[in-house]
Amino acid sequence: MTPFVADVLIPVGKVVAVILYPMVMVVVMIWLERRVVALIQGRLGPNRVGFQGILQPVADAIKLFFKENIMQRQADKLLFNISPVLVMFSSLLAFCFVPLGEPIRIGSYTLTLWIAESPVGLLITLGLSSISVFGVIFGGWASNSKYPLMGALRSVVQILSYEIPIGLTALTVVFIARSMDLVEIVRRQESSGVWYGFLMPLSFVVFWISAVAETNRAPFDLPEAESELVAGYHTEYSGMKFAYFYMAEYAHMVLVSSLVVILFFGGWLPPFPGVKAFAFLHVLPGSIWYLIKIMFFLFLYVWIRATFPRYRFDSLIRLVWKWLIPLSLVNFLAVALVRYLL
Amino acid sequence: MPESAADRPELRQAFDALTGRFPDGVLSGGVEKGELSVRVGKDALASVLAFLKDEQGFNAVDDIIVLDNIRASGEGGKRFTVLYQLCRFPDFLRLRLAVDVCETEALDSAVPVYRSADWAEREAFDMFGVRFEGHPGLCRIYMPDEFEGHPLRKDFPLGGRDVASEAPRIYSRESDSLQALERQSPERGIRHSPTDTHPWNSAKGIKEIDLNMGPQHPSTHGVLRLKLAVDNEVVLRVVPVLGYLHRGMEKLWENLTYTQVVPLTDRLDYIAALSNNLGFVLAVETLAGIEVPRRARYIRVVLAELQRLASHLAWLGFMANDIGAMSVLLYSFEAREHVLDLFEEYCGARLTVHGIRIGGVPQDLDGTLVARIRTVLEGIPKHLADIRALLDENRIWKERTVGVGLIGAGDAVEYGLTGPSLRASGVPWDIRKDIPYSSYEEFDFDVPLGRNGDIYDRYIVRLEEIFQSIRIVRQALDGLPEGAISAKVPRVLKVPPGEVFHTIEAPKGVLGFYVKSNGTDKPERVKMKSPSFINLQSLEHMCKGNLFSDVVGILGSLDIVLGEIDK
């Protein structure tokens, strides 16, 4: 392999892939959500554009692209324009540190499916995904309108609160894996033979609930509760700026699902690694297993949305401060103790 | 006092008590069509109302009706006659007070006595210009504040007038400052940081902000506008603003023949169009003395109860969607769809059905349709079981509904609540049971009651009513008598002079029609007492101190339809 390929083409290719991958996933996810919700509700859902309506999100994107960008004159111009970009940017940037699959061997060259393998990958990813809340707050504030402002305020409280259990449960994984490197965490699960989700079910449950809340998804979709706040923080946005918020939300879901799979369900590892009877499962490459697992959690998002009513603000906060945080603290201490004794 | 009162001794008793107490105030009295109607002097009105409420137990004002006597000058030559339609329940007794008033005079307000008269008086003021002294905030309710004239007066032109209307300013405080800014620097246009006029900063030291909800809002069930004052998310005040859908139905009706009015009533509560038909038609039949054949009465019961099913199912879906359970909307609409299919098979229409005619019903129920109704009735409990599995014991649903939007039995009566919302507070008042019409006395059904009067109780009561409706329809189909489906009604129906106030139990509450005839084929005056309109009055009472999210849930739980509120 020439140095040109190794040092220029492959990194550029990876960068393009890291931008394209979330986009493709977003398109698939939007389609999946609309079709699955329709299925659950006894409807058809979009099925006209392309095979089974798979091109519907593309058609929607084209429509949004040609729509007028409206900004009311009271809006703060700078923040109003920055916030959709900020939301999208932070979601996409986080994918740099998330592996897209297991390394592929091509002859003597090993192609790694991630841009950066950082020793603190988990920390950076969580940090970057939290930046998106600034976009939400700025957007709600800059609109200078009441419903977006209320949405933004709800968002601040909600995301600040739910960051705590996310951090505490992610730390338990770090304890066990003794690493903050996302790739390393998967490797540790491979060598230890057990996925951390089964080792620490409580961690997984708390992490998942908090992650749903952090992505502003039903039943925790208060910042954009349509029956109350019209559209919440992005009420005043239209056209592509709205599309940015919309796509960033789905990209965030893909990111969170990837994190859940990496932290708790062995990333790209096929299931039942030690069991001979299930050796045939290794036929599928790791990246496919990884995708299947991510899709499962994305499906779970949709399933939850179609099933539950929306929380009210006070019970949402009660849930996190009275249940999830104490639970994750106890869980954290237990894991730390076990880790110390072993 | 005419002899015909003898069949209702309570009526005579009430009348005697009234004349005994106010020998000068009571001018005349009479019973017509089983209704006691008493004419009192303007000055005695307030004390008569207080007496009737405190000592005679008339606990509700059904409606306040104004008659414009410009054509047939009223008694004493006064321009307006104001009718107070009072009601006593659970032991049913109804009384109509009539007061004559000139254009220049003002009446004493009934609001200090009857809290529920608030909006009815505002409506009377808006439509006729009758003023009420002592009303807490007498202003127009349907027409814009700057509107001139009073549309229901007989001398107001039928086609209306062109009105130069300026869009009301919603954020007065902000728009004032915005305009001030613009005046200062018109060449720059508006450019300021959010801190200048930001809603939360503009009123320094005051945490309260005004929030405008509607008329374009996903959960105001039409074009209702609520002016909210909130402190953070806590609701301090709720002021409903009506009139975005006001079509002047009552004015229209005065200029149409009785048969032409019926299809227009479809457009009132369009979720339960058939109940409106029934309410109006029954009032006209009572007035004209038309005896409806028994088979027609049974078919009406079948249709009305199917309509109640459809209405409650639609309510369930909207309500759940307001609280965020969107799948329930689709599930209950699927069930409703089957009921609407039945209407389609019966009369060709699904939503605005016009399924009842004066004198009877337009179509007979044939064997195949009866069989289809039975199949649909089989299927509905299955749909409901799915929905109940999703909601009944759901933690989030219970957190959102139990103890939210509380209204006690006393307050509920005081605010004039009717229908399922009243029964959810534990008041057993169902017109079908208490003043049976259209053969309801021949059917066996229960009136489900709630205990606490919260959203959850309203949910349970309506669900239970769906099952009771199924029961009634089954009984009516089993006992469907043979015979004609319509009485002989002349092609041009001329109703002898008289007046009647007839109420039915519509899905949303007590639906009343006051019809006054003048011997021609067109009514002199039709006034509709719409349940949604009166029920909405209690919204502020239920919302105060709750969170903003709850306003949406409480509004949903009241089951309002703007077509009926705005008439």
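A residue is taken as buried if 20 or more other C-beta atoms lie within 10 Å of its own, and as exposed if 12 or fewer do. In this predicted model, strand β8 of chain B, residues 208-213, has one covered and one uncovered face. The covered face consists of B:Ile209, B:Leu211 and B:Met213, while B:Glu208, B:Asp210 and B:Asn212 form the uncovered one. In a regular strand, side chains alternate between the two faces of the sheet. Strand β8(B) runs antiparallel to β9(B), residues 225-231, and six bridges join the two. Within this pairing, B:Met213 has B:Leu226 of β9(B) as its bridge partner.

Chain B as a whole has 567 residues, of which 50% are buried. Its secondary structure comprises 21 helices and 13 strands. Among the contacts in chain B between residues at least 6 apart in sequence, 66% join residues at least 24 apart.

Chain B also touches chain A. The contact involves 33 residues of chain B and 29 residues of chain A. Several elements of chain B each supply at least two residues to the side that touches chain A: the helices α5 (194-197), α6 (199-202), α10 (294-322), α11 (326-347), α13 (395-401) and α20 (548-558), together with strand β8. The most is given by α13(B), with four residues. By residue type, the side of chain B that touches chain A divides into 17 nonpolar, 11 polar and five charged residues.

Helix α10(B) also packs against α17(B), a helix of residues 455-478. Two packed helices are described by the angle between their axes and the distance between the axes. For α10(B) and α17(B), the angle is about 160° and the axes are 9 Å apart. Angles over 145 degrees count as roughly antiparallel, and α10(B) and α17(B) are therefore roughly antiparallel to each other. Their crossing is left-handed. On the α10(B) side the contact includes B:Tyr298, B:Val301, B:Val302, B:Leu309 and B:Trp315, and among the residues met in α17(B) are B:Arg462, B:Glu465, B:Ile466, B:Ile472 and B:Leu477. The residues of this helix contact divide into 12 nonpolar, two polar and four charged.

A further element of chain B is an open sheet of three strands, in the order β11-β12-β13, with antiparallel pairing. The edge strands, each pairing on one side only, are β11(B), residues 498-506, and β13(B), residues 523-529. Neighbouring strands of the sheet are turned by 15° against each other on average, with direction ignored. Helix α9(B), residues 273-288, packs on the sheet and touches β11(B) and β12(B). The direction of α9(B) makes about 150° with that of β11(B). Strand β12(B), residues 509-517, is joined to β13(B) by six bridges. One of the residues bridged to β13(B) is B:Phe513, whose partner there is B:Met528.

Outside the helices and strands described above, B:Glu146 lies in the loop between β7 (131-133) and α4 (172-184) of chain B. This residue counts as exposed because it has 11 C-beta neighbours inside 10 Å. B:Glu146 and B:Phe80 are separated by 66 residues in sequence and, from C-alpha to C-alpha, by 23 Å in space.

Notes
Residues numbered from 1 in each chain as written. Chains lettered and ligands numbered in written order. Predicted model: local features only at pLDDT ≥ 70, side-chain atom pairs only at ≥ 80, totals over all residues. Contact = placed C-beta atoms within 7 Å. Nonpolar A, V, L, I, M, F, W, Y, C, P; charged D, E, K, R; others polar. Pairing = 2+ DSSP bridges. Axes fitted to C-alpha atoms, helices over the stretch in contact; angles between N-to-C directions. Parallel < 35°, antiparallel > 145°, perpendicular 65-115°, else oblique. Left-handed = near helix turned anticlockwise from the far one by under 90°.
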